[in-house]
Amino acid sequence: MEGITGIAFFSALAVIGLAIAAIGSATGQARAAAAALDAIWRQPEAAGRIQTVLILSLAFLESLTLFTFALAFLFAGQVAG
């Protein structure tokens with residue numbers, strides 16, 4: 001029986017890392033949206049400012065997930081090559 005190769009091991013770790021990043025990003029986005037909706041419910045006149053901050057924070061959260069995705073491919077290329 002053959003052992004697991006380094007590339008297969010790294011691929012498995014990359015998939016697990018991407019899953020953790022996606023779960024963390026989704027959780028953060030849900031909490032940010034819930035807090036924004038709560039703030040708008042309490043102060044409807046500040047909805048424009050709250051929406052601007054919410055969109056900016058969601059963009060940062062999503063960019064962290066995409067950065068993790070790009071790093072997984074970058075490291076996979078270094079392991080394979």
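**Exercise 1. Find which residues Ser25 touches, leaving out those up to four places away in sequence.**

Solution. Start by locating Ser25 in this predicted model: the residue sits in helix H1, which covers residues 6-42. Next, look for partners with heavy atoms within 4.5 Å. Setting aside residues up to four places away in sequence, Ser25 touches Leu61, Glu62 and Thr65.

**Exercise 2. Decide whether Ser25 is buried or exposed.**

Solution. First take the relative accessible area of Ser25, which is 8%. Then recall the cut-off: buried means under 20%. Ser25 is therefore buried, because its relative accessible area is 8%.

**Exercise 3. Do the same for Ile20: is this residue buried or exposed?**

Solution. Begin with the place of Ile20, which is in helix H1. Its relative accessible area is 57%, and the cut-off for exposed is over 50%. So Ile20 is exposed. You can also check a distance here: the C-alpha atoms of Ile20 and Thr65 are separated by 9.5 Å, and these two residues lie 45 residues apart along the chain.

**Exercise 4. Now step back and describe the chain as a whole.**

Solution. Count the elements to begin with: the chain has 2 helices and 0 strands. Then turn to burial: of the 81 residues, 14% are buried. For the surface, the accessible total comes to about 6,200 Å², and carbon and sulfur atoms hold 74% of it. Finish with the contacts that have a separation of 6 or more: 77% of them join residues 24 or more positions apart.

Methods: Residues numbered from 1 in each chain as written. Predicted model: local features only at pLDDT ≥ 70, side-chain atom pairs only at ≥ 80, totals over all residues. Heavy atoms only, no water. Helix = DSSP H or I, 4+ residues; strand = E, 2+ residues; numbered from the N terminus. Buried < 20%, exposed > 50% of the residue type's maximum accessible area, 1.4 Å probe, protein only. Areas by Shrake-Rupley, 256 points an atom, 1.4 Å probe, with all protein chains shown as cover.
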